[in-house]
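This report describes one protein chain, working from a single residue outward to the core, the surface and the backbone.

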Amino acid sequence: ASHSTRQYPIQIAGGNKLGMKHGNLHDFRNSKEDVPLANLFVSMLNAVDVPIERFADSTGAMTEVRA
């Protein structure tokens with residue numbers, strides 16, 4: 001068996017003051033383009049006021065998870 005960096009569940013928990021959308025399920029398996037996990041990290045860093053536009057192989061922040 002091996003580990004893959006694709007199609008695994010991630011749950012984000014935190015206070016409303018972080019500006020994250022709560023109570024949503026996002027499924028990116030059938031999107032037109034691959035969404036790198038690093039995009040989530042960029043969004044999380046932006047939520048805690050770390051001004052970063054890219055991280056690793058990211059293509060930008062995930063607007064789907066930000067309020």
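At 34% relative accessibility, His26 counts as partly exposed, because buried means under 20% relative accessible area, exposed over 50%, and partly exposed in between (1.4 Å probe, protein chains only). His26 is found in the segment before α1. Helices are DSSP runs of H or I with at least four residues, strands are runs of E with at least two, and both are numbered from the N terminus. Leaving aside residues up to four places away in sequence, His26 touches Glu64 and Val65, where contact means heavy atoms within 4.5 Å. The C-alpha atoms of His26 and Glu64 are 7.9 Å apart in space, while the two residues are 38 residues apart in sequence.

The model is predicted: local features need pLDDT of at least 70 and side-chain atom pairs count only at pLDDT 80 or more, whereas totals for chains, interfaces and linings use all residues. Residues are numbered from 1 along each chain as its sequence is written, and side-chain values use heavy atoms, with hydrogens and water left out.

**Chain and core**

The protein chain has one helix and zero strands. Of its 67 residues, 19% are buried. Among contacts with a separation of 6 or more, 42% join residues 24 or more positions apart. The accessible surface of the chain is about 5,700 Å², and carbon and sulfur atoms account for 51% of that surface; accessible areas come from the Shrake-Rupley method with a 1.4 Å probe, and for residues only the protein chains shown count as cover.

Val65, one of the residues that His26 touches, also belongs to the largest nonpolar core, together with Met20, Leu40, Ala47 and Met62. A nonpolar core is a set of buried Ala, Val, Leu, Ile, Met, Phe, Trp, Tyr and Cys residues joined through side-chain atoms within 4.5 Å. Not counting residues up to four places away in sequence, Met20 touches Ile12, Met44, Ala47, Val65, Arg66 and Ala67.

**Aromatic pair and surface patch**

One aromatic pair turns up in a search of the whole structure. Phe41 and Phe55 form this edge-to-face pair, at 6.1 Å centre to centre and 85° between the planes. Rings of Phe, Tyr and Trp (its six-membered ring) pair if their centres lie within 6.5 Å; planes under 30 degrees apart count as stacked, over 60 as edge-to-face and the rest as tilted. The pair links distant parts of the chain, 14 residues apart: Phe41 is in helix α1 (residues 37–47) and Phe55 in the segment after α1.

Phe41 is partly exposed at 35% relative accessibility, and Phe55 is partly exposed at 37%. Both contribute to a nonpolar surface patch of about 570 Å², along with Tyr8, Ile10, Ile12, Leu37 and Met44. Patches are made of residues with over 30% relative accessible area and no salt bridge, with like charges joined within 9 Å and nonpolar side chains (Val, Leu, Ile, Met, Phe, Trp, Tyr) within 5 Å. A salt bridge is a side-chain nitrogen of Lys or Arg within 4 Å of a carboxyl oxygen of Asp or Glu.

**Positive phi**

Most residues other than glycine have a negative phi. The residues below have positive values.

| Residue | Phi | Place | Relative accessibility |
|---|---|---|---|
| Asp49 | near 65° | segment after α1 | 70%, exposed |
| Ala56 | about 50° | segment after α1 | 65%, exposed |
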